[in-house]
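Here are a few notes from going through the model you sent. Have it open while you read, since the points follow one another around the fold.

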Amino acid sequence: MTNIKLKITLIGFLFLFFNVFGQKTELGYKTENHKVYSEDKDEYILKITFPRNYSSDKEYKTLYYLDAYWLTEITLGSFTILDLCNYVEDVVFVGISLNGSEKDWHKQRDMDFTPSQFKNLGLLEGLKKSNPDNNIKITVKTGGGNQLNKESTGGANLFLDFLENEVIEFVEKEHPNLNKRRGLLGHSFGGLFGFYTLQNRPELFKDLLLISASLSWNSSELVDKENFSKLKGSNSEIKLYHSYGGEEIKGIRTSNNDVSKIITELKLENLNYKFDPVKNTNHHSVLSRAIYDGLLYLYKK
């Protein structure tokens with residue numbers, strides 16, 4: 001029993017200093033953990049994962065992925081399979097998540113990824129029409145049990161500033177060779193944030209993998225052709241892989257289909273776009289397929 005306790009203590013000690021020593025897998029991938037802080041003193045963890053045979057003398061594309069709290073394994077695992085099969089080029093991954101419990105993580109993403117203060121999820125429009133007097137009170141909570149309201153949402157612009165001016169600046173200062181071309185991966189609220197970023201700062205990320213985006217947010221406010229005016233005027237060569245699960249709720253399917261229709265109608269010469277809904281998958285089971293296919297689309301050799 002003493003030996004078991006000693007091992008657990010030692011593991012905890014190594015984790016505390018993970019950002020100094022990093023961790024290298026048997027396959028040769030290395031991950032470093034770093035802490036960065038927002039203006040509100042929120043503590044975020046960055047998980048920087050380097051490819052096999054990484055060299056600081058070589059420039060690399062970088063993929064920033066949101067919700068690293070739970071998407072790290074599936075994202076890196078999908079890439080590992082593609083990499084070992086020699087299907088994709090070398091990429092450095094930067095996972096981003098608040099440091100804390102699952103409840104803290106849900107609270108963080110509710111605020112950071114939503115572009116406006118909560119009014120509705122856009123999922124009950126039929127109910128609103130059948131109840132014009134609006135005498136039904138609906139409470140919406142996220143997976144962590146946190147309630148969506150005006151005070152807990154609407155921080156996407158601040159998070160985008162933090163991402164550009166703190167996270168990316170930190171990564172590229174620590175590793176100047178990681179500014180060749182940036183990408184962004186987001187799912188659900190993270191996908192909503194991804195489209196918000198594409199619409200407002202199209203120069204920041206040139207490779208986007210957006211899955212099951214919650215585009216029905218506040219009556220589908222981002223689903224408007226005018227919101228893509230900055231993208232239309234951008235000179236950046238952008239690649240976008242866009243997906244959702246075929247068995248998702250109607251609001252997700254409809255809003256994502258509508259955005260895809262807008263993007264297609266714009267006929268943007270600077271945008272290489274693939275819309276790829278996955279049949280027989282739901283809001284979460286779509287991840288294994290969409291992340292794998294999206295990485296292959298963005299980084300295929």
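1. A caveat before the details: this is a predicted model. Let's start with the sheet. Strand 4 (residues 61-66) and strand 6 run parallel, joined by 5 bridges. To find the pairing on screen, pick T62, whose bridge partner in strand 6 is R182.

2. Strand 6 also pairs with strand 7 (residues 207-211), again in the parallel sense and over 5 bridges. Here G186 is a handy marker, with L210 of strand 7 as its bridge partner.

3. How buried is strand 6 (residues 181-187)? Of its 7 residues, 6 are buried, so the strand is largely enclosed by the rest of the structure.

4. Now for the connection: strand 6, helix 7 and strand 7 together form a β-α-β unit, and its hand is right-handed.

5. Helix 7 (residues 189-200) also meets helix 6 (residues 156-174): their axes come within 11 Å and cross at roughly 75°. Because angles of 65 to 115 degrees count as roughly perpendicular, helix 6 is roughly perpendicular to helix 7.

6. Which residues make that helix contact? On the helix 6 side they are A156, N157, F159, L160 and L163, and helix 7 brings F193, Y196 and T197. By type, the contact of helix 6 with helix 7 has 6 nonpolar residues, 2 polar ones and no charged ones.

Conventions
Residues numbered from 1 in each chain as written. Predicted model: local features only at pLDDT ≥ 70, side-chain atom pairs only at ≥ 80, totals over all residues. Heavy atoms only, no water. Axes fitted to C-alpha atoms, helices over the stretch in contact; angles between N-to-C directions. Helix = DSSP H or I, 4+ residues; strand = E, 2+ residues; numbered from the N terminus. Parallel < 35°, antiparallel > 145°, perpendicular 65-115°, else oblique. Contact = heavy atoms within 4.5 Å. Nonpolar A, V, L, I, M, F, W, Y, C, P; charged D, E, K, R; others polar. Buried < 20%, exposed > 50% of the residue type's maximum accessible area, 1.4 Å probe, protein only. Pairing = 2+ DSSP bridges. Right-handed = clockwise from strand over helix to strand, strands pointing away.
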